[in-house]
Amino acid sequence: MSTEAAKLRLPAASAVRHARGRPWAWAAGAALFAVGAAAAGLLIGPVDVGFGTVIHVLSSHVLGTHTDASASQQAIVWELRAPRVVLGLLVGALLSAAGATYQGAFRNPLADPYLLGVAAGAGLGATFAIAYARGATLDGDLLPLAAFAGGIASVSMTYVIGRAAGRSAGPAAFVLAGVTVASFLTAIQTFVQQRHADTLQAVYSWILGQLDTAGWHDVLLLLPYAAVSGATLLLYRRSLDVLTLGDEEAASLGVNVARLRLVLVTAATLGTAAAVAVSGLIGFLGVIVPHTVRLLAGGSYRLVLPLSILVGGGFLVFCDVLARTLMAPGELPIGVVTAFFGAPFFAVVLRTSRRT
């Protein structure tokens, strides 16, 4: 092994030594948490469906076995609850992984998946779709496609503006560029909403986040983006430990900091934009989950990223269960539930960061 390669491995190895407990134990616990959340999402609802019935219905659709469940029970489990649970797992995993990645790439403990203007761009895209294509928006793919395109376009604008500040400005330039782009796009969104006041309810319903319209079509729409984003972030998770040392230190170890940050931010943004496109804006998830994982398991991204994926998916499914049971038969927007947990948590993180 060359001297440069040996040096490059030192930060990651040092970070692993700061892990609390055995990594496999944390991974097993996170996996059990995600499985428990999925079971709760399948079992809990206004219609009582027993555990045995759920297992039989899932087996019949996945393995082709025979089931004695009625047609209504099969529809409830397979057409309503199962896709909602799977979509919650995917969206929660993507937003949590993106939050952890942004926090490492920009060395900012308060960074979240919407840092670079993804939320504002997706919101503007969704608003355009709802305002100008009402007939085809909610029944087809136009709304998620418009939101996805808006999110990607806003991040591209942020990247161009941030690069214009020069390398000397560091990662802070991209954060400030994201704030600038988000403010500009939010102003345009407000103007469009004022011109089409009859669409306010539909727009705000999407902005507050929702999984209640989830179907297998939404899952299949999100799955390829989730696979690419998740695989890329997991592949580069050791490099995030190097970035946390600072740009100069990372460069001295032979890392191309600009290229590495671009790869990480692009993968995280791709996952965020895809998640937002099918679920709306679900806030605070990218702050709550990574910080909880670091608090419990340690700060190495070799452990933080995979645990954030598992815990984030399970946490969002639990939030969705609360959203559809607290005011049954009505439903709360899932973004309201995550904000209820996230706002106090964000305040605690802010105070802790200030002390640090």
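A salt bridge here is a side-chain nitrogen of Lys or Arg within 4 Å of a carboxyl oxygen of Asp or Glu. The model is predicted, so local features need pLDDT of at least 70 and side-chain atom pairs count only at pLDDT 80 or more, while totals for chains, interfaces and linings use all residues. Residues are numbered from 1 along each chain as its sequence is written, and side-chain values use heavy atoms, with hydrogens and water left out.

**Exercise 1.** Work out which parts of the chain the salt bridge between Glu331 and Arg84 ties together.

*Solution.* Start with the whole structure: a search of it turns up five salt bridges. In the one between Glu331 and Arg84, the closest N and O atoms are 2.8 Å apart. Next, place the partners, remembering that helices are DSSP runs (H or I, at least four residues) numbered from the N terminus. Glu331 sits in the loop between helix 15 (301–325) and helix 16 (334–355) and Arg84 in helix 4 (residues 71–105), so the pair ties together parts 247 residues apart in sequence. Last, check accessibility, where buried means under 20% relative accessible area, exposed over 50%, and partly exposed in between (1.4 Å probe, protein chains only). Arg84 is buried at 9%, while Glu331, at 39%, is partly exposed.

**Exercise 2.** Find how far apart Arg324 and Asp320 are along helix 15, and which network they belong to.

*Solution.* First, the bridge: the closest N and O atoms of Arg324 and Asp320 are 3.5 Å apart. Now count along the helix: the two are four residues apart in helix 15, so about one helical turn separates them. Both ends are tucked away, with Arg324 buried at 10% relative accessibility and Asp320 buried at 4%. Finally, follow the shared partners: salt bridges join Arg84, Asp320, Arg324 and Glu331 into one network.

**Exercise 3.** Describe how helix 3 and helix 4 pack.

*Solution.* Two packed helices are described by the angle between their axes and the distance between the axes. Axes are lines fitted to C-alpha atoms, for helices over the stretch in contact, and angles run from 0 to 180 degrees between N-to-C directions. For helix 3 (residues 51–62) and helix 4, the angle is about 75° and the axes are 10 Å apart. That makes the two helices roughly perpendicular (the label covers 65 to 115 degrees). Then look at the contact (heavy atoms within 4.5 Å): helix 3 brings residues including Val54 and Leu58, and helix 4 brings residues including Val77 and Trp78.

Definitions and conventions
Angles under 35 degrees count as roughly parallel, over 145 as roughly antiparallel, 65 to 115 as roughly perpendicular and the rest as oblique.
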